[in-house]
Amino acid sequence: MSAIASTKVPFIKTELPGPRAKEVLAKDERYVSPSYTRSYPLVIKRGQGSVIEDVDGNLFLDFNAGVAVLATGHAHPEIAKTIAAQASEFIHISSADYYFEQVTDLARKLEETTPGDFPKRVHFGNSGAEAIETALKLAFHVRRRPKIIAFFHSFHGRTLGALSLTSSRAAQRQGFGRQTIDVTHIPYANCKRCAYGKTPDSCAVECVKVIEDRLFKTTVPADEVAAIVVEPVQGEGGYVVPPAKFLQELRALCDRQGILLVFDEVQSGMGRTGKMFACEHADVVPDILCTAKAIGGGLPLSATVAREELMKWQPGSHASTFGGNPVAIAASLKTFEMLENGILENSRLMGARLLAGLGQIGEKYKDVVFDVRGLGLMSGVEFVEDRVSNKPAADLCNRIMVEAFQRGLILQTAGESTIRFSPPLIVTETEVDTAVELFDQSIAAALKK
Ligand SMILES: Cc1ncc(COP(=O)(O)O)c(C=O)c1O
């Protein structure tokens, strides 16, 4: 790790991809599923904090964190030590069939840290999609109603049940037949692009009213809806932050109709937005909360947290061999400890610094920047072709992402034309400022092409 620690980052010394990376890419192309969505040829050798070293010795500043997973950064010594210690005790036993104390410790931690001061139960899985599958099954099981309401441009995973909710890109559904679950999609509260033509002044939360005023009266009887599933901040759909009243009105509607409110905090949870869970910004408590990504300290782990009175299903109704793996749980407990001892606060502070920097970029490139938005370290910059049509500029957005890669800054897109920033939550001031500067250079270069 000494090269990483002592060298100014980023540091690009070969053309990209470098010679060793090219060898790996050739092998990958031969053996690995082409369904993966790699945007540029980053081949990692190791990482430390917010820095990645590739197989050719190039150093990158990582503002994606393995798609918003690595809250404590790459290879944090505390996390690595915890993983090694648990691995030398026992690596697997299956929490579905046997007991161990760490499962109960993490379930209790989740009851305490998720919004809602009431008893809860926790079901563990391995991925975001699994957490969603659990929430869907639980909602059907409890309510015995066949329908679900979800939102356009949402992403909830790619397994068949979760895919029925997912609606962020047609490619994710193309060729997979009809939805396996009866889901009705409606527009999300993307206020800058309001589907109902409203502005904040004229808005009466039409995006929630449509459910009672139109859906319930036409195609979706209220008493057939088990749950409404929503991301408190829309992630893959473009890092869209809805107004608090959107979630508050959804809560009120669900209460009126006996519908369960499910929050998908797979991406927005675990400190990403500067609070432990994004729904805390709106002060809204769901009936079921799904979280994954950062919860496992980099290892595969997810949790579906429900009000105790809802999670009363019989033994055998739902479980997974690996869900709640002891090593992932140990890493998770350590992640919680570190979040509570400073990292959550860093997410809030560095998030504000990043958003301010991106705001200046938005001003500088105001002819092509439609919006700069975010909460904590979950922020995005949306690009358009021009400020008259406000047409999403997908090509420009991709070019900026690739220019950033060439300069040693790891970014990803979200939605049609948004660059998203989701660095490790341990990111420093210098790293934030460097990323903003490199982003600036990348936009300038992409606009010249
Ligand atoms: C909000 C949200 N839900 C669910 C998922 C699916 O998670 P996974 O890829 O771990 O199945 C994702 C993944 O990006 C996500 O962002």
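**Exercise 1. Determine how β11 and β12 pair in this predicted model, and over how many bridges.**

Solution.
Step 1. Strand β12 comprises residues 378-383, and its pairing with β11 is antiparallel.
Step 2. The two strands are joined over six bridges.
Step 3. A specific pair can be located: Val 369 lies opposite Phe 383 in β12.
Step 4. The hairpin of β11 and β12 has two residues between the strands, and in this hairpin Gly 376 adopts a positive phi near 55°.

**Exercise 2. State the order of the strands in the open sheet and explain why β11 and β14 each have one side without a neighbour in the sheet.**

Solution.
Step 1. The open sheet consists of four strands, ordered β11-β12-β15-β14, with antiparallel pairing.
Step 2. The edge positions are taken by β11 (369-375) and β14 (412-414); each has a single partner strand, so one side of each lacks a neighbour in the sheet.
Step 3. On average, neighbouring strands of this sheet are turned by 30° against each other, direction ignored.
Step 4. For β14, the connection to β15 (residues 418-421) is made by three bridges, and these two strands run antiparallel. Within this pairing, Thr 413 has Ile 419 of β15 as its bridge partner.

**Exercise 3. Decide whether β11 is largely enclosed or largely open to the surroundings.**

Solution.
Step 1. A residue is counted as buried if 20 or more other C-beta atoms lie within 10 Å of its own.
Step 2. Of the seven residues of β11, six are buried; therefore the strand is largely enclosed by the rest of the structure.

**Exercise 4. Describe the two domains and the side of domain 1 that touches domain 2.**

Solution.
Step 1. The protein chain is divided into domain 1, residues 2-76 + 342-447, and domain 2, residues 93-324.
Step 2. Taken over C-alpha atoms, the domain centres are separated by 27 Å.
Step 3. The contact involves 26 residues of domain 1 and 23 residues of domain 2.
Step 4. On the side of domain 1 that touches domain 2, the elements giving two or more residues are α10 (326-364), β11, β12 and β15. The most is given by α10, with five residues.
Step 5. By class, this side of domain 1 has 11 nonpolar, 10 polar and five charged residues.

**Exercise 5. Characterise the shell of residues around the ligand.**

Solution.
Step 1. The ligand is surrounded by 15 residues, of which Gly 128, Ala 129, Gly 157, Val 266 and Gln 267 are the closest.
Step 2. Helix α6 (residues 128-143) contributes the most to this shell, with three residues.
Step 3. The shell divides into six nonpolar, six polar and three charged residues.

Notes: Residues numbered from 1 in each chain as written. Predicted model: local features only at pLDDT ≥ 70, side-chain atom pairs only at ≥ 80, totals over all residues. Near = placed C-beta within 6 Å. Nonpolar A, V, L, I, M, F, W, Y, C, P; charged D, E, K, R; others polar. Pairing = 2+ DSSP bridges. Axes fitted to C-alpha atoms, helices over the stretch in contact; angles between N-to-C directions. Buried ≥ 20, exposed ≤ 12 C-beta atoms within 10 Å, placed from the backbone. Domains from an automatic or database assignment. Contact = placed C-beta atoms within 7 Å.
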